[in-house]
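Here are my notes on this predicted model, set out as numbered points. Please read them with the structure open.

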Amino acid sequence: MTQLLIIGGSDAGISAALRAKEIAPSIDVTVVVADRFPNFSICGLPFYLSGEVFDWHDLAHRTVADIEREGIRLLLDHKVQAIDPDDKIIEAVGPKREVQYLSYDKLVIGTGAVSARPHIAGLDSPGVFPMRWMKDAFAVQRILKRRPKPKSAVVVGGGYIGMEMAESLSRRGLEIIVVEYFDTVLSTVDRTFGQIVKETLERHGVQVATGVAVDAIKPQGKWLAVSGSGGFDVWADLVIFATGVRPEATLAQAAGIDVGKWGAIRVNHEMETNIPGIYAAGDCAETWHRLLERYVYLPLGTTAHKQGRIAGENAVGGQRRYAGTLGTQVLKIFDLVVARTGLRDSEASEAGFDPSTIELETWDHKAYYPGAQWVVLRVTGDRGTGRLLGAQIIGRRGAEVSKRIDVFAAALFHRMAVDALNDLDLSYTPPLSSPWDPVQMAAQAWVQSQG
Ligand SMILES: Cc1cc2nc3c(=O)[nH]c(=O)nc-3n(C[C@H](O)[C@H](O)[C@H](O)COP(=O)(O)OP(=O)(O)OC[C@H]3O[C@@H](n4cnc5c(N)ncnc54)[C@H](O)[C@@H]3O)c2cc1C
(Lines give C-alpha, C1' and ligand atoms only; values in the text may rest on other atoms or scores of the structure.)
Protein backbone atom coordinates (compact mmCIF):
# COMPACT_ATOMS: atom_id res chain seq x y z
CA MET A 1 0.00 0.00 0.00
CA THR A 2 1.33 3.48 -0.86
CA GLN A 3 2.55 5.31 2.24
CA LEU A 4 1.97 9.03 2.48
CA LEU A 5 3.81 10.61 5.36
CA ILE A 6 3.11 14.14 6.48
CA ILE A 7 5.30 16.14 8.86
CA GLY A 8 3.26 18.72 10.77
CA GLY A 9 -0.33 18.52 11.90
CA SER A 10 -1.60 22.04 11.62
CA ASP A 11 -3.45 23.79 8.76
CA ALA A 12 -1.21 22.55 5.93
CA GLY A 13 -0.49 19.05 7.20
CA ILE A 14 -4.04 18.10 8.09
CA SER A 15 -5.42 19.65 4.88
CA ALA A 16 -2.98 17.50 2.93
CA ALA A 17 -3.96 14.37 4.84
CA LEU A 18 -7.69 14.92 4.43
CA ARG A 19 -7.45 15.64 0.71
CA ALA A 20 -5.23 12.62 0.06
CA LYS A 21 -7.70 10.37 1.87
CA GLU A 22 -10.62 11.94 0.01
CA ILE A 23 -9.07 11.17 -3.36
CA ALA A 24 -7.35 7.90 -2.58
CA PRO A 25 -9.10 6.27 0.41
CA SER A 26 -6.94 3.17 0.24
CA ILE A 27 -3.70 5.04 0.79
CA ASP A 28 -1.91 4.79 4.13
CA VAL A 29 -1.64 8.29 5.61
CA THR A 30 0.39 9.09 8.73
CA VAL A 31 0.79 12.57 10.18
CA VAL A 32 3.69 13.15 12.57
CA VAL A 33 3.10 16.08 14.90
CA ALA A 34 5.62 17.61 17.30
CA ASP A 35 2.98 18.48 19.89
CA ARG A 36 -0.31 17.08 21.15
CA PHE A 37 -2.56 19.58 19.37
CA PRO A 38 -3.20 18.52 15.79
CA ASN A 39 -5.45 20.76 13.74
CA PHE A 40 -5.82 23.41 16.42
CA SER A 41 -6.67 26.91 15.28
CA ILE A 42 -3.70 28.89 16.54
CA CYS A 43 -5.42 31.91 14.95
CA GLY A 44 -7.82 31.59 17.88
CA LEU A 45 -5.20 31.87 20.65
CA PRO A 46 -5.84 35.59 21.32
CA PHE A 47 -9.57 34.85 21.66
CA TYR A 48 -8.94 32.04 24.11
CA LEU A 49 -6.74 34.31 26.21
CA SER A 50 -9.29 37.13 26.09
CA GLY A 51 -11.87 34.75 27.54
CA GLU A 52 -14.14 35.04 24.48
CA VAL A 53 -13.41 31.37 23.79
CA PHE A 54 -13.79 29.83 27.21
CA ASP A 55 -12.48 26.32 26.63
CA TRP A 56 -9.24 25.77 24.67
CA HIS A 57 -10.56 22.45 23.38
CA ASP A 58 -12.99 24.46 21.25
CA LEU A 59 -10.06 25.79 19.22
CA ALA A 60 -9.71 22.43 17.49
CA HIS A 61 -10.84 22.61 13.86
CA ARG A 62 -11.25 18.85 14.27
CA THR A 63 -10.63 16.58 17.23
CA VAL A 64 -8.14 13.70 17.18
CA ALA A 65 -11.13 11.35 16.91
CA ASP A 66 -12.51 13.31 13.92
CA ILE A 67 -9.17 13.02 12.13
CA GLU A 68 -8.69 9.34 12.94
CA ARG A 69 -12.22 8.63 11.77
CA GLU A 70 -11.04 9.69 8.29
CA GLY A 71 -8.54 6.83 8.40
CA ILE A 72 -5.58 9.10 9.12
CA ARG A 73 -2.98 7.85 11.57
CA LEU A 74 -1.65 10.47 13.98
CA LEU A 75 1.71 10.18 15.67
CA LEU A 76 1.53 12.91 18.29
CA ASP A 77 4.32 14.29 20.47
CA HIS A 78 6.84 13.06 17.92
CA LYS A 79 9.38 15.42 16.46
CA VAL A 80 10.91 14.52 13.13
CA GLN A 81 14.60 15.17 13.30
CA ALA A 82 15.83 13.87 9.97
CA ILE A 83 14.59 13.07 6.49
CA ASP A 84 16.56 10.64 4.36
CA PRO A 85 15.32 11.22 0.79
CA ASP A 86 17.52 8.46 -0.67
CA ASP A 87 16.07 5.66 1.46
CA LYS A 88 12.72 7.50 1.87
CA ILE A 89 12.79 7.26 5.64
CA ILE A 90 12.23 9.78 8.39
CA GLU A 91 13.54 9.66 11.93
CA ALA A 92 11.17 10.79 14.66
CA VAL A 93 11.75 11.14 18.40
CA GLY A 94 8.94 10.46 20.84
CA PRO A 95 8.18 11.90 24.26
CA LYS A 96 10.45 9.40 26.04
CA ARG A 97 13.31 10.09 23.62
CA GLU A 98 12.51 6.85 21.80
CA VAL A 99 13.45 6.94 18.13
CA GLN A 100 11.20 5.66 15.36
CA TYR A 101 11.99 5.26 11.69
CA LEU A 102 9.11 5.56 9.27
CA SER A 103 9.29 4.90 5.58
CA TYR A 104 7.31 6.73 2.93
CA ASP A 105 6.55 6.71 -0.75
CA LYS A 106 5.47 10.37 -0.78
CA LEU A 107 6.23 13.02 1.81
CA VAL A 108 4.51 16.32 2.59
CA ILE A 109 6.35 18.82 4.79
CA GLY A 110 4.08 21.16 6.73
CA THR A 111 6.40 22.22 9.54
CA GLY A 112 5.03 25.78 9.56
CA ALA A 113 6.82 28.70 11.12
CA VAL A 114 8.21 29.73 14.47
CA SER A 115 8.06 33.11 16.17
CA ALA A 116 10.94 35.32 15.14
CA ARG A 117 13.19 36.17 18.07
CA PRO A 118 14.07 39.84 18.04
CA HIS A 119 17.46 40.97 19.36
CA ILE A 120 16.30 41.90 22.82
CA ALA A 121 18.41 41.11 25.86
CA GLY A 122 16.45 39.08 28.41
CA LEU A 123 14.01 37.55 25.91
CA ASP A 124 14.21 34.24 27.77
CA SER A 125 13.26 35.77 31.12
CA PRO A 126 10.29 34.26 32.96
CA GLY A 127 7.15 36.15 32.02
CA VAL A 128 8.24 36.83 28.41
CA PHE A 129 6.35 34.90 25.74
CA PRO A 130 5.94 34.56 22.00
CA MET A 131 2.43 33.74 20.78
CA ARG A 132 2.48 30.83 18.36
CA TRP A 133 1.60 27.52 19.97
CA MET A 134 -0.94 26.18 22.42
CA LYS A 135 1.85 25.96 25.00
CA ASP A 136 2.48 29.70 24.69
CA ALA A 137 -1.19 30.38 25.35
CA PHE A 138 -1.26 27.99 28.32
CA ALA A 139 1.81 29.70 29.81
CA VAL A 140 0.20 33.13 29.52
CA GLN A 141 -3.08 31.79 30.88
CA ARG A 142 -1.26 30.51 33.96
CA ILE A 143 0.08 34.00 34.64
CA LEU A 144 -3.34 35.56 34.05
CA LYS A 145 -4.86 33.21 36.63
CA ARG A 146 -2.24 34.02 39.29
CA ARG A 147 -3.28 35.78 42.47
CA PRO A 148 -2.65 38.65 42.96
CA LYS A 149 -3.74 39.26 39.41
CA PRO A 150 -1.19 40.65 36.95
CA LYS A 151 -1.88 44.27 36.17
CA SER A 152 0.11 45.15 33.11
CA ALA A 153 1.63 43.81 29.92
CA VAL A 154 3.92 45.09 27.20
CA VAL A 155 3.23 43.85 23.69
CA VAL A 156 6.31 44.18 21.52
CA GLY A 157 5.27 44.44 17.88
CA GLY A 158 2.38 46.30 16.31
CA GLY A 159 1.53 43.76 13.61
CA TYR A 160 -1.72 41.82 13.50
CA ILE A 161 -0.81 39.36 16.26
CA GLY A 162 0.39 42.22 18.47
CA MET A 163 -2.90 44.03 17.87
CA GLU A 164 -4.95 40.94 18.70
CA MET A 165 -2.92 40.28 21.85
CA ALA A 166 -3.28 43.90 22.97
CA GLU A 167 -7.05 43.61 22.73
CA SER A 168 -7.04 40.16 24.27
CA LEU A 169 -5.08 41.10 27.39
CA SER A 170 -6.86 44.40 27.73
CA ARG A 171 -10.15 42.44 27.86
CA ARG A 172 -8.63 40.55 30.79
CA GLY A 173 -8.25 43.86 32.62
CA LEU A 174 -4.52 44.44 32.12
CA GLU A 175 -3.01 47.79 31.30
CA ILE A 176 -1.33 47.40 27.95
CA ILE A 177 1.45 49.21 26.14
CA VAL A 178 2.06 48.26 22.53
CA VAL A 179 5.59 49.09 21.41
CA GLU A 180 6.26 49.33 17.71
CA TYR A 181 9.57 49.98 15.98
CA PHE A 182 8.00 51.73 12.98
CA ASP A 183 6.24 55.06 13.35
CA THR A 184 2.82 53.49 12.83
CA VAL A 185 1.12 50.32 13.97
CA LEU A 186 -0.11 47.78 11.46
CA SER A 187 2.34 48.86 8.82
CA THR A 188 0.84 46.31 6.42
CA VAL A 189 -1.86 48.90 5.64
CA ASP A 190 -1.51 52.55 4.64
CA ARG A 191 -0.58 55.14 7.23
CA THR A 192 -4.05 56.73 7.43
CA PHE A 193 -5.48 53.34 8.40
CA GLY A 194 -2.63 52.69 10.85
CA GLN A 195 -3.54 55.98 12.53
CA ILE A 196 -7.21 54.92 12.88
CA VAL A 197 -6.06 51.62 14.40
CA LYS A 198 -3.81 53.49 16.86
CA GLU A 199 -6.65 55.82 17.86
CA THR A 200 -8.95 52.83 18.36
CA LEU A 201 -6.42 51.15 20.65
CA GLU A 202 -6.01 54.37 22.63
CA ARG A 203 -9.76 54.89 22.87
CA HIS A 204 -9.90 51.46 24.51
CA GLY A 205 -7.20 52.38 27.00
CA VAL A 206 -4.25 50.71 25.24
CA GLN A 207 -1.14 52.89 25.15
CA VAL A 208 0.83 52.88 21.93
CA ALA A 209 4.52 53.78 21.70
CA THR A 210 5.71 54.01 18.10
CA GLY A 211 9.23 54.57 16.81
CA VAL A 212 10.65 52.64 19.76
CA ALA A 213 13.10 49.74 19.51
CA VAL A 214 12.89 47.60 22.63
CA ASP A 215 16.40 46.51 23.53
CA ALA A 216 16.22 44.91 26.97
CA ILE A 217 13.88 43.12 29.34
CA LYS A 218 15.18 42.72 32.89
CA PRO A 219 13.44 40.82 35.68
CA GLN A 220 13.36 43.03 38.78
CA GLY A 221 11.64 41.36 41.68
CA LYS A 222 8.26 40.24 40.41
CA TRP A 223 8.33 42.80 37.61
CA LEU A 224 9.89 43.03 34.19
CA ALA A 225 11.66 46.27 33.31
CA VAL A 226 11.32 46.88 29.59
CA SER A 227 13.61 49.47 28.06
CA GLY A 228 14.18 50.76 24.58
CA SER A 229 15.28 53.62 22.38
CA GLY A 230 14.41 57.23 23.14
CA GLY A 231 14.43 56.63 26.91
CA PHE A 232 11.57 54.14 26.78
CA ASP A 233 11.38 52.53 30.21
CA VAL A 234 8.33 50.77 31.66
CA TRP A 235 7.51 48.01 34.13
CA ALA A 236 5.13 45.16 33.44
CA ASP A 237 3.99 41.80 34.76
CA LEU A 238 4.41 40.12 31.42
CA VAL A 239 5.73 40.74 27.95
CA ILE A 240 4.48 39.29 24.69
CA PHE A 241 6.74 39.55 21.69
CA ALA A 242 4.99 39.39 18.35
CA THR A 243 7.64 40.50 15.91
CA GLY A 244 6.93 38.21 13.00
CA VAL A 245 7.69 34.63 12.11
CA ARG A 246 10.35 32.70 10.28
CA PRO A 247 9.77 29.53 8.29
CA GLU A 248 10.65 26.23 10.00
CA ALA A 249 12.64 24.67 7.18
CA THR A 250 15.78 23.44 8.92
CA LEU A 251 14.74 19.81 8.62
CA ALA A 252 14.08 20.16 4.90
CA GLN A 253 17.27 22.07 4.28
CA ALA A 254 19.34 19.41 6.05
CA ALA A 255 17.81 16.84 3.69
CA GLY A 256 18.98 18.77 0.64
CA ILE A 257 15.70 20.49 -0.12
CA ASP A 258 16.14 23.96 -1.62
CA VAL A 259 15.13 26.99 0.40
CA GLY A 260 14.84 30.54 -0.92
CA LYS A 261 16.00 33.89 0.36
CA TRP A 262 13.49 34.05 3.22
CA GLY A 263 14.62 30.60 4.39
CA ALA A 264 11.34 29.05 3.22
CA ILE A 265 11.13 25.87 1.17
CA ARG A 266 11.08 26.37 -2.58
CA VAL A 267 8.19 24.68 -4.33
CA ASN A 268 6.76 24.61 -7.83
CA HIS A 269 3.11 25.33 -8.68
CA GLU A 270 2.25 21.74 -7.73
CA MET A 271 3.80 22.35 -4.27
CA GLU A 272 6.57 19.87 -5.04
CA THR A 273 10.09 20.60 -3.86
CA ASN A 274 13.27 20.05 -5.86
CA ILE A 275 13.22 16.43 -4.64
CA PRO A 276 10.53 14.56 -6.61
CA GLY A 277 7.88 13.05 -4.36
CA ILE A 278 8.52 15.51 -1.53
CA TYR A 279 5.99 18.31 -1.25
CA ALA A 280 5.86 21.31 1.08
CA ALA A 281 2.98 23.59 2.03
CA GLY A 282 1.99 26.36 4.41
CA ASP A 283 4.18 28.63 6.51
CA CYS A 284 7.33 26.58 5.87
CA ALA A 285 7.10 27.20 2.11
CA GLU A 286 7.33 30.04 -0.36
CA THR A 287 4.10 31.23 -1.94
CA TRP A 288 3.36 32.16 -5.53
CA HIS A 289 1.99 35.71 -5.67
CA ARG A 290 -0.67 35.97 -8.31
CA LEU A 291 -0.18 39.66 -9.05
CA LEU A 292 3.57 39.90 -8.68
CA GLU A 293 4.00 36.66 -10.60
CA ARG A 294 6.89 35.61 -8.41
CA TYR A 295 7.45 33.73 -5.16
CA VAL A 296 7.11 35.59 -1.87
CA TYR A 297 6.97 34.61 1.79
CA LEU A 298 3.46 35.41 2.99
CA PRO A 299 2.50 33.01 5.78
CA LEU A 300 -1.23 32.86 6.40
CA GLY A 301 -3.68 30.21 7.54
CA THR A 302 -5.80 30.64 4.42
CA THR A 303 -2.81 29.92 2.21
CA ALA A 304 -1.65 26.98 4.35
CA HIS A 305 -5.05 25.29 3.98
CA LYS A 306 -5.06 25.69 0.20
CA GLN A 307 -1.46 24.69 -0.34
CA GLY A 308 -1.82 21.70 1.99
CA ARG A 309 -4.86 20.51 0.09
CA ILE A 310 -2.99 20.77 -3.21
CA ALA A 311 0.11 19.03 -1.84
CA GLY A 312 -2.08 16.20 -0.51
CA GLU A 313 -3.91 15.85 -3.83
CA ASN A 314 -0.72 15.84 -5.89
CA ALA A 315 1.07 13.46 -3.54
CA VAL A 316 -1.51 10.82 -4.44
CA GLY A 317 -1.34 11.40 -8.17
CA GLY A 318 -3.24 14.65 -8.73
CA GLN A 319 -2.06 17.51 -10.90
CA ARG A 320 -3.53 20.53 -9.24
CA ARG A 321 -1.69 23.85 -9.35
CA TYR A 322 -1.66 26.49 -6.64
CA ALA A 323 -3.30 29.54 -8.18
CA GLY A 324 -1.44 32.05 -6.06
CA THR A 325 -1.95 34.37 -3.15
CA LEU A 326 -3.12 37.95 -3.13
CA GLY A 327 -2.23 38.53 0.50
CA THR A 328 -5.87 38.98 1.48
CA GLN A 329 -6.10 39.60 5.22
CA VAL A 330 -8.60 40.87 7.74
CA LEU A 331 -8.21 41.82 11.38
CA LYS A 332 -10.63 42.86 14.12
CA ILE A 333 -9.35 45.24 16.78
CA PHE A 334 -12.01 45.99 19.39
CA ASP A 335 -14.90 47.39 17.33
CA LEU A 336 -12.81 48.06 14.26
CA VAL A 337 -12.15 45.86 11.24
CA VAL A 338 -9.31 46.46 8.81
CA ALA A 339 -8.58 44.46 5.68
CA ARG A 340 -6.42 44.45 2.61
CA THR A 341 -5.91 42.50 -0.59
CA GLY A 342 -3.44 42.81 -3.44
CA LEU A 343 -0.83 45.54 -3.60
CA ARG A 344 -0.56 48.91 -1.95
CA ASP A 345 0.65 51.90 -3.95
CA SER A 346 4.31 51.59 -2.91
CA GLU A 347 4.34 47.82 -3.46
CA ALA A 348 2.77 48.23 -6.90
CA SER A 349 5.36 50.87 -7.86
CA GLU A 350 8.18 48.60 -6.75
CA ALA A 351 6.69 45.84 -8.88
CA GLY A 352 6.81 48.04 -11.98
CA PHE A 353 3.16 49.08 -12.18
CA ASP A 354 2.08 52.71 -12.53
CA PRO A 355 -0.29 52.85 -9.57
CA SER A 356 -2.75 55.45 -8.47
CA THR A 357 -4.66 55.19 -5.19
CA ILE A 358 -7.81 56.95 -4.06
CA GLU A 359 -9.51 57.02 -0.70
CA LEU A 360 -13.26 57.20 -0.26
CA GLU A 361 -15.27 57.47 2.93
CA THR A 362 -18.92 56.50 2.74
CA TRP A 363 -21.70 54.71 4.62
CA ASP A 364 -21.79 50.95 4.80
CA HIS A 365 -25.53 50.99 4.06
CA LYS A 366 -28.25 53.52 3.28
CA ALA A 367 -27.84 56.28 5.86
CA TYR A 368 -31.62 56.54 6.39
CA TYR A 369 -31.69 53.03 7.84
CA PRO A 370 -30.62 53.01 11.50
CA GLY A 371 -27.11 51.96 12.42
CA ALA A 372 -25.29 53.19 9.31
CA GLN A 373 -21.55 53.12 9.89
CA TRP A 374 -18.70 54.90 8.16
CA VAL A 375 -16.39 52.82 6.07
CA VAL A 376 -13.20 53.98 4.33
CA LEU A 377 -11.93 52.29 1.18
CA ARG A 378 -8.60 52.76 -0.54
CA VAL A 379 -8.40 51.45 -4.08
CA THR A 380 -5.21 51.07 -6.08
CA GLY A 381 -5.30 50.65 -9.83
CA ASP A 382 -2.85 50.87 -12.69
CA ARG A 383 -3.04 54.20 -14.54
CA GLY A 384 -1.95 52.74 -17.86
CA THR A 385 -4.19 49.69 -18.07
CA GLY A 386 -6.94 50.51 -15.57
CA ARG A 387 -6.29 47.16 -13.92
CA LEU A 388 -7.23 46.74 -10.28
CA LEU A 389 -4.10 46.22 -8.17
CA GLY A 390 -5.29 46.26 -4.60
CA ALA A 391 -7.71 47.53 -1.99
CA GLN A 392 -7.77 48.31 1.72
CA ILE A 393 -10.88 48.85 3.82
CA ILE A 394 -11.43 50.01 7.38
CA GLY A 395 -14.70 50.34 9.23
CA ARG A 396 -16.67 49.33 12.26
CA ARG A 397 -17.46 45.71 12.93
CA GLY A 398 -20.75 45.03 11.17
CA ALA A 399 -19.84 47.24 8.21
CA GLU A 400 -19.20 44.12 6.11
CA VAL A 401 -15.52 45.02 5.71
CA SER A 402 -14.46 41.41 5.20
CA LYS A 403 -17.19 40.67 2.68
CA ARG A 404 -16.21 43.80 0.74
CA ILE A 405 -12.49 43.04 0.70
CA ASP A 406 -13.39 39.60 -0.62
CA VAL A 407 -15.20 41.20 -3.58
CA PHE A 408 -11.97 43.02 -4.39
CA ALA A 409 -10.00 39.79 -3.88
CA ALA A 410 -12.24 37.95 -6.33
CA ALA A 411 -11.89 40.77 -8.85
CA LEU A 412 -8.10 40.76 -8.45
CA PHE A 413 -7.99 37.01 -8.87
CA HIS A 414 -9.67 37.43 -12.26
CA ARG A 415 -7.44 40.36 -13.29
CA MET A 416 -10.39 42.72 -13.57
CA ALA A 417 -10.13 46.41 -14.38
CA VAL A 418 -11.23 48.82 -11.62
CA ASP A 419 -14.07 50.04 -13.85
CA ALA A 420 -15.31 46.49 -14.38
CA LEU A 421 -16.23 46.32 -10.69
CA ASN A 422 -19.18 48.53 -11.62
CA ASP A 423 -20.61 45.74 -13.76
CA LEU A 424 -20.76 43.28 -10.88
CA ASP A 425 -24.22 42.30 -9.76
CA LEU A 426 -23.74 42.81 -6.02
CA SER A 427 -26.47 42.38 -3.44
CA TYR A 428 -28.46 45.29 -1.97
CA THR A 429 -31.00 45.97 0.72
CA PRO A 430 -30.98 49.33 2.60
CA PRO A 431 -29.95 47.87 6.00
CA LEU A 432 -26.86 46.25 4.45
CA SER A 433 -25.71 48.21 1.40
CA SER A 434 -26.66 50.73 -1.26
CA PRO A 435 -27.69 50.19 -4.87
CA TRP A 436 -24.05 50.95 -5.63
CA ASP A 437 -22.15 49.04 -3.01
CA PRO A 438 -19.27 50.97 -1.36
CA VAL A 439 -16.93 48.72 -3.38
CA GLN A 440 -18.45 50.15 -6.56
CA MET A 441 -18.55 53.72 -5.21
CA ALA A 442 -14.81 53.44 -4.58
CA ALA A 443 -14.27 51.98 -8.06
CA GLN A 444 -16.17 54.92 -9.56
CA ALA A 445 -14.09 57.37 -7.51
CA TRP A 446 -10.94 55.75 -8.85
CA VAL A 447 -12.14 55.90 -12.47
CA GLN A 448 -13.14 59.55 -12.00
CA SER A 449 -9.73 60.37 -10.52
CA GLN A 450 -8.16 59.23 -13.79
CA GLY A 451 -9.93 62.09 -15.60
C1 LIG B 1 -1.92 34.26 17.10
C2 LIG B 1 -2.05 33.96 15.63
C3 LIG B 1 -3.12 34.47 14.92
C4 LIG B 1 -3.26 34.18 13.57
N5 LIG B 1 -4.34 34.68 12.90
C6 LIG B 1 -4.48 34.40 11.59
C7 LIG B 1 -5.64 34.85 10.89
O8 LIG B 1 -6.52 35.50 11.47
N9 LIG B 1 -5.75 34.54 9.57
C10 LIG B 1 -4.79 33.82 8.91
O11 LIG B 1 -4.97 33.54 7.71
N12 LIG B 1 -3.70 33.35 9.55
C13 LIG B 1 -3.53 33.63 10.88
N14 LIG B 1 -2.42 33.16 11.54
C15 LIG B 1 -1.40 32.40 10.78
C16 LIG B 1 -1.79 30.93 10.70
O17 LIG B 1 -2.07 30.44 11.97
C18 LIG B 1 -0.64 30.17 10.06
O19 LIG B 1 -0.44 30.69 8.77
C20 LIG B 1 -0.96 28.68 9.95
O21 LIG B 1 -1.10 28.12 11.23
C22 LIG B 1 0.13 27.95 9.19
O23 LIG B 1 -0.19 26.60 9.18
P24 LIG B 1 0.95 25.52 8.89
O25 LIG B 1 0.27 24.19 8.92
O26 LIG B 1 1.70 25.88 7.69
O27 LIG B 1 1.99 25.63 10.08
P28 LIG B 1 1.90 25.73 11.64
O29 LIG B 1 0.55 26.17 12.09
O30 LIG B 1 3.08 26.53 12.05
O31 LIG B 1 2.09 24.24 12.11
C32 LIG B 1 3.27 23.52 11.96
C33 LIG B 1 3.05 22.10 12.39
O34 LIG B 1 4.24 21.39 12.21
C35 LIG B 1 4.59 20.69 13.39
N36 LIG B 1 6.03 20.53 13.35
C37 LIG B 1 6.99 21.46 13.17
N38 LIG B 1 8.20 20.89 13.15
C39 LIG B 1 8.01 19.56 13.30
C40 LIG B 1 8.86 18.44 13.34
N41 LIG B 1 10.17 18.57 13.22
N42 LIG B 1 8.30 17.22 13.53
C43 LIG B 1 6.96 17.06 13.64
N44 LIG B 1 6.11 18.09 13.59
C45 LIG B 1 6.63 19.33 13.42
C46 LIG B 1 4.02 21.56 14.50
O47 LIG B 1 3.85 20.84 15.69
C48 LIG B 1 2.67 21.94 13.86
O49 LIG B 1 1.76 20.89 13.99
C50 LIG B 1 -2.27 33.40 12.90
C51 LIG B 1 -1.18 32.90 13.63
C52 LIG B 1 -1.07 33.17 14.97
C53 LIG B 1 0.10 32.61 15.74
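1. Start with the five-stranded sheet. Its strand order is 9-16-10-11-12. The sheet is open, and its pairing is parallel. Strand 9 (128–129) and strand 12 (207–210) are the edge strands. Each of them pairs on one side only.

2. Next, one end of that order. Strand 9 pairs with strand 16 (residues 238–241) in the parallel sense. Two bridges join them. To check the register, find F129: its bridge partner in strand 16 is I240.

3. Now strand 10 (residues 152–156). Is this strand buried or exposed? Five of its five residues are buried, so strand 10 is largely enclosed by the rest of the structure. The cover is on both faces. S152, V154 and V156 are buried on one side. A153 and V155 are buried on the other.

4. Strand 10 also pairs with strand 11 (residues 175–180). The two run parallel and share five bridges. V155 stands opposite V178. V156 has V179 as its bridge partner in strand 11. Strand 11 is mostly covered too, with five of its six residues buried.

5. A cis peptide bond deserves a look. It runs from R147 to P148, and its omega is near 0°. P148 sits in the loop between helix 4 (134–144) and strand 10. Follow the chain from that loop and you come to the enclosed strand of point 3.

6. There is a second sheet to inspect. Three strands make it up, in the order 4-5-6. This sheet is also open, but its pairing is antiparallel. Strand 4 (79–84) and strand 6 (99–103) are its edges, each pairing on one side only. From one strand to the next, the twist averages 25°.

7. Within the second sheet, look at strand 5 (residues 89–93). Five bridges join strand 5 to strand 6, and the two run antiparallel. One pair to check is E91 and its bridge partner in strand 6, Y101.

8. Two residues have a positive phi without being glycine. What is the phi of K88? It is about 55°. K88 lies in the loop between strand 4 and strand 5. K88 is partly exposed, with a relative accessible area of 35%.

9. The other is E293. Its phi is also positive, at about 55°. E293 is found in the loop between strand 19 (287–289) and strand 20 (294–296). Its relative accessible area is 48%, so E293 counts as partly exposed; the cut-off for exposed is over 50%.

10. Now the ligand. How many residues surround the ligand? There are 34, and the closest are S10, A12, V80, R132 and D283. By class, this shell holds 18 nonpolar, ten polar and six charged residues.

11. Several elements contribute to that shell. Helix 1 (11–23), strand 4, helix 5 (160–171) and helix 8 (301–315) each supply at least two residues. Strand 4 therefore has two roles in these notes: an edge of the antiparallel sheet and a supplier of shell residues, by the count of at least two used here.12. Check the polar contacts to the ligand by eye. An N or O atom in the side chain of S10 is 2.7 Å from a ligand oxygen. A polar backbone atom of G110 is 3.2 Å from an oxygen of the ligand. A polar side-chain atom of Y160 lies 3.2 Å from a ligand nitrogen. Taken alone, the ligand exposes 1,000 Å², and the protein buries 92% of that.

13. Last, A285. Where does this residue lie? A285 is in the loop between strand 18 (278–280) and strand 19. Despite its place in a loop, A285 is buried, with a relative accessible area of 1%. A285 and N39 are 246 residues apart along the chain, and 18 Å separates their C-alpha atoms.

Terms used
Residues numbered from 1 in each chain as written. Predicted model: local features only at pLDDT ≥ 70, side-chain atom pairs only at ≥ 80, totals over all residues. Heavy atoms only, no water. Pairing = 2+ DSSP bridges. Helix = DSSP H or I, 4+ residues; strand = E, 2+ residues; numbered from the N terminus. Axes fitted to C-alpha atoms, helices over the stretch in contact; angles between N-to-C directions. Near = heavy atom within 4 Å. Polar contact = N/O pair within 3.5 Å; in protein donor to acceptor, adjacent residues only side chain to side chain. Areas by Shrake-Rupley, 256 points an atom, 1.4 Å probe, with all protein chains shown as cover. Nonpolar A, V, L, I, M, F, W, Y, C, P; charged D, E, K, R; others polar. Buried < 20%, exposed > 50% of the residue type's maximum accessible area, 1.4 Å probe, protein only.
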